[in-house]
Structures are given as structure tokens and as C-alpha cells.
Amino acid sequence: MAGLSGRWAERLGAMQPFLVMEVLERAQALQRAGRSVIHLEVGEPDFPTPTMAAEAGSAAIAAGDTHYTHSLGLLELREAISHRYESHYGVAVDPDRILVTCGSSLALLYLFGALLNPGDEVLAATPHYPCYPNFIRFFGGTFVPVPTDPMDGYRLDPAEVRRRVTPRTRALLLNSPSNPTGAVLTRDRMAALADIGVPILSDEIYHDLVYGEPAASALEFSPDAWVLDGFSKRFAMTGWRLGYLVAPAGCMRPLQILQQNFLISAAPFAQRAGVAALALGDSAVAPLREAYDARRRLTVKLLHELGFGVPAMPEGAFYVFADASRYTGDSLAFAFELLEATGVAIAPGIDFGDAGRCAIRVSYAASEENLREAASRIGEYLRNRG
Ligand code: PMP
């Protein structure tokens, strides 16, 4: 962070802006000025929260359920989450191993805060979620990117992980399905990664948004894994700020202490909405998954037609990570150029690590009509760009 004076904590120097949010905020400014903007940058479902979940949240507010809850979260919600682990993955997770937070973002903060000492290393596939290195560096840790191969669908390769394990390695951070690549780890890969023996942190926020075989949970292979998940993506509940983490048996206390101090509890009405969402289960997710699947195919086709490279079909989440080297060597400048020129907001690949210097990430959590309109605007612009 340039220009930091002695007033600021040194740890801030490690923090980078979340570029997707910078593009979003510029796009919103253009909208306020009257421009027509199509949002393909932000990782946010364009669907409403399931009606019954929203109604449960409103009913809780109307009934005066507006106070702190137990710091771990409502028992009813933790039991429902526990039930999901049993029914989805066949793993037993005691509700006392579940901590309900304000989005999985806060769960990431607690986890790295509780696990990392300065100099500890965390391995993760790259391209990666932009906030991971920032969380890790905030606590003095080192983010160790493990390159992935586009021709292998950007799946994390256990051999590449092993090569980077050192005495300072504290954890292996998994994200399957991946933001930004949509890569889904096969069960074999997951088992091989668990075999390495490094503690696993698994960000499973895009589970259920998978277009082939369902994604496996790290808990199926590593009972001592730390798992992060939440309601934002699968139930289109980003603004409710509701997520959770699962800790290994006997390991919750330090995290609970962090929550008691930093948050006290997640909002009770959001937790009530979460209980209702889990009761709906896949009946709420299946129609969204079907719509995303159709949009996924359309987006890949449109990107190919525009001259972007998509070497492998993304298998989960709602993103396409596309090679834009035909048009740019600077994805950040390109994202802002496209936004100003066409009103289409996309995410610059560089936000997801150096491998994305010449790439863009397109979110297809947008209507087919908007996806087509965006492609038509970009196509016209690029044809005349010279
Ligand atoms: N992990 C990944 C991989 C994400 O893409 C996101 C949101 N973009 C999060 C965690 C955080 O989501 P939330 O805080 O809404 O649960």
C-alpha cells in the first residue's frame, strides 16, 4: 500500500485491494451516471433468495428475534447443517463442531487467525480466490501458489503440492469447485491430496453448483479437515452474510473465543432464514443449477466466438476463466477498458494470481439475455478496436 505513513499497522502493507470489487464499484458509478451496465464481474447469484427462506427471516424480525444468539450459532441451525453433512456426504459432524459466522469470509479470518504464526506457509492452487493471500498475509503467513494446468481443467495436482511442502507448511487450502476456474477435484485427487498429510482447509462454498458428479467434501477423506461453507452461493443469500466452519473434534474452543470477541454471534433472523433454506434443500438449488448449466454452455460458446480461449469446460461454480492474450497483456487495464467502452463488467484475471495476467473471469450468474447482449457489445467493440 503506497504512501503508508507510520500511523498505520504494518500488516496493512500486505493487503491488496479486491479488484473484482473495484470493477464493481466503478460499474455502479457508471450506472448512477445513467449508463447501461451488464454485471459479469461479481460472484453473486442473480436469483432471489428462496421465498420461504426470505419469509422465515422476515418472520423472525417481526417476532422480535433480533438479539444475540449463542456464539456458535442457533442450535437448530447447527443441527440442520450437521444433518446436511450426514445426508450429502455420509459424514457425522457433531453440531458442537460447527460455528455459524457472517459469511464464510469471517470463517476464513478466524481460521487463519487461529492457525497461522508468522512465517507459516499455506499451499493452494492458483488461479485462486483473490482474498486468500490477503487473509494469510494479514496474519504474517506466506501464500504458496501451486500452479495448475488449463489443459487438466485447472485441477490441483498432488505431485505439484508435494513438491512445495516444507517444514513451514501449515495447511493445504482446497477450493473445489474453484473460484475462478470452476475446476472440481475428483474423488481420487481429493484422496491423494489428503494422503499428503498436511492439514486441510477446504472452502466448499460452491458445493451443489456442480454440473457432473457431485463434489466430494474434504471430510470424506480427512476427518480432521477444517471446512468452510455457507449460504451465499447455493441459496443465493450473499447479502444475508451467513456462513459456517466445521472444526475437527475438540478444536472449536479457540475459534469460539475469536467469535465471542469479534462478532458475538451472526444475526438471528439470518440464521432463521438459513434453517428454512436447508429445509428446502436441493429443491431450492436444483432449478438454479439447471439454469447455470445452460448459461455455462452459452458463455463458453460466446467466449470462443469472441476469440477468447477456454481450454477446458468449467465443471462447477458459475465462472469461466478465459485466456484473453489475443487482446491484452494487462487484464486489469483490459477490464476497465471494456467497462468504459461497452458497459460490460468482467473480472480481471490478475486478481486471481499471476497466471491470470492475460485472462478474464466471466461470471455467468446473469440471464442468458444479458450474456448475449454482453457478447454482442464486446464483439462490436473488439472488431473496431484495431
Ligand atoms: N470463498 C470463495 C471461493 C468465494 O468465492 C467467496 C465469495 N466470493 C467466499 C469464500 C466468501 O463468501 P461469503 O463470505 O459470502 O460466504
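Strands here are DSSP runs of E covering at least two residues, and they are numbered from the N terminus. On that count, Arg 241 falls in the loop between S7 and strand S8 (243-246). The structure is a predicted model, and Arg 241 is a handy place to start reading it. Its phi is near 50°, a positive value in a residue other than glycine. Arg 241 is also partly exposed, because its relative accessible area is 35%, and values between 20% and 50% go by that name. The side chain of Arg 241 takes part in the ligand site too: one of its N or O atoms is 2.8 Å from an oxygen atom of the ligand.

That contact leads straight to the ligand. The protein covers 93% of the 410 Å² of accessible area that the ligand has on its own. The space taken by the ligand is the largest pocket. There are 13 residues around the ligand, and the ones that come nearest are Ser 104, Ser 105, Asp 203, Tyr 206 and Ser 232. Two of these make polar approaches through their side chains. In Ser 105, a polar side-chain atom sits 2.6 Å from a ligand oxygen, while in Asp 203 a polar side-chain atom sits 2.6 Å from a ligand nitrogen. As for which element supplies the largest share of the shell, helix H4 (residues 103-115) does so, with 3 residues.

Another positive phi turns up at Asp 208, where the angle is near 80° in a residue other than glycine. Asp 208 belongs to the loop between strand S6 (200-203) and strand S7 (226-230). Its relative accessibility is 14%, so Asp 208 counts as buried.

The backbone also holds a couple of cis peptide bonds worth a look. One joins Thr 126 and Pro 127, with omega at about 0°. Pro 127 is in the loop that runs between strand S3 (121-126) and helix H5 (131-138). Another cis bond links Ser 176 to Pro 177, and there omega is about -5°. Pro 177 likewise sits in a loop, this one between strand S5 (169-175) and helix H7 (187-195).

Next comes Arg 155, an arginine in the loop between strand S4 (142-147) and helix H6 (158-163). Arg 155 counts as buried because its relative accessibility is 16%, with the cut-off for buried set at under 20%. The side chain of Arg 155 has polar partners. A polar atom of that side chain lies 3.0 Å from the backbone oxygen of Val 184, and a polar contact of 2.9 Å ties the side chain of Arg 155 to that of Glu 315.

Thr 328 offers a similar kind of case. This threonine is placed in the loop between strand S9 (319-323) and helix H11 (331-342), and at 13% relative accessibility it counts as buried. Its side chain reaches the backbone nitrogen of Asp 330 at 2.8 Å.

His 70 is found in the loop between helix H2 (51-62) and helix H3 (75-89). At 45% relative accessibility, His 70 counts as partly exposed. Its C-alpha atom is 46 Å from that of Ala 333, a residue 263 positions away along the chain. Ile 98, part of strand S2 (residues 98-101), is buried, with a relative accessible area of 0%. Ile 98 and Gly 73 are 25 residues apart in sequence, and their C-alpha atoms are 8.2 Å apart in space.

Finally, the cysteines. A disulfide is a covalent bond between the sulfur atoms of two cysteines. Searching the whole structure turns up 0 disulfides. Why does Cys 102 have no bond to Cys 131? The Cys 131 sulfur is the closest cysteine sulfur to that of Cys 102, yet it is 16 Å away, which is too far for a bond; the cut-off for a disulfide is 2.5 Å between the sulfur atoms. Cys 102 is partly exposed, with a relative accessible area of 26%. Cys 251 is also partly exposed, and its relative accessible area is 28%.

How values were computed: Residues are numbered from 1 along each chain as its sequence is written. This is a predicted model: local features need pLDDT of at least 70, side-chain atom pairs count only at pLDDT 80 or more; totals for chains, interfaces and linings use all residues. Side-chain values use heavy atoms; hydrogens and water are left out. Buried means under 20% relative accessible area, exposed over 50%, partly exposed in between (1.4 Å probe, protein chains only). A residue is near a molecule or strand if one of its heavy atoms lies within 4 Å of it. A polar contact is a pair of N or O atoms within 3.5 Å; within protein, one must be able to donate a hydrogen and the other to accept it, and residues adjacent in sequence count only if both atoms are side-chain atoms. Accessible areas come from the Shrake-Rupley method with a 1.4 Å probe; for residues, only the protein chains shown count as cover. On a 1 Å grid over the protein atoms alone, a cavity is a set of points where a 1.4 Å probe fits but cannot get out, and a pocket is an open set with protein on both sides within 12 Å along at least five of seven lines; lining residues have an atom within 4 Å of a point. A molecule sits in a cavity or pocket if more than half of its atoms lie within 2 Å of its grid points. Helices (H or I, at least four residues) and strands (E, at least two) are DSSP runs, numbered from the N terminus.
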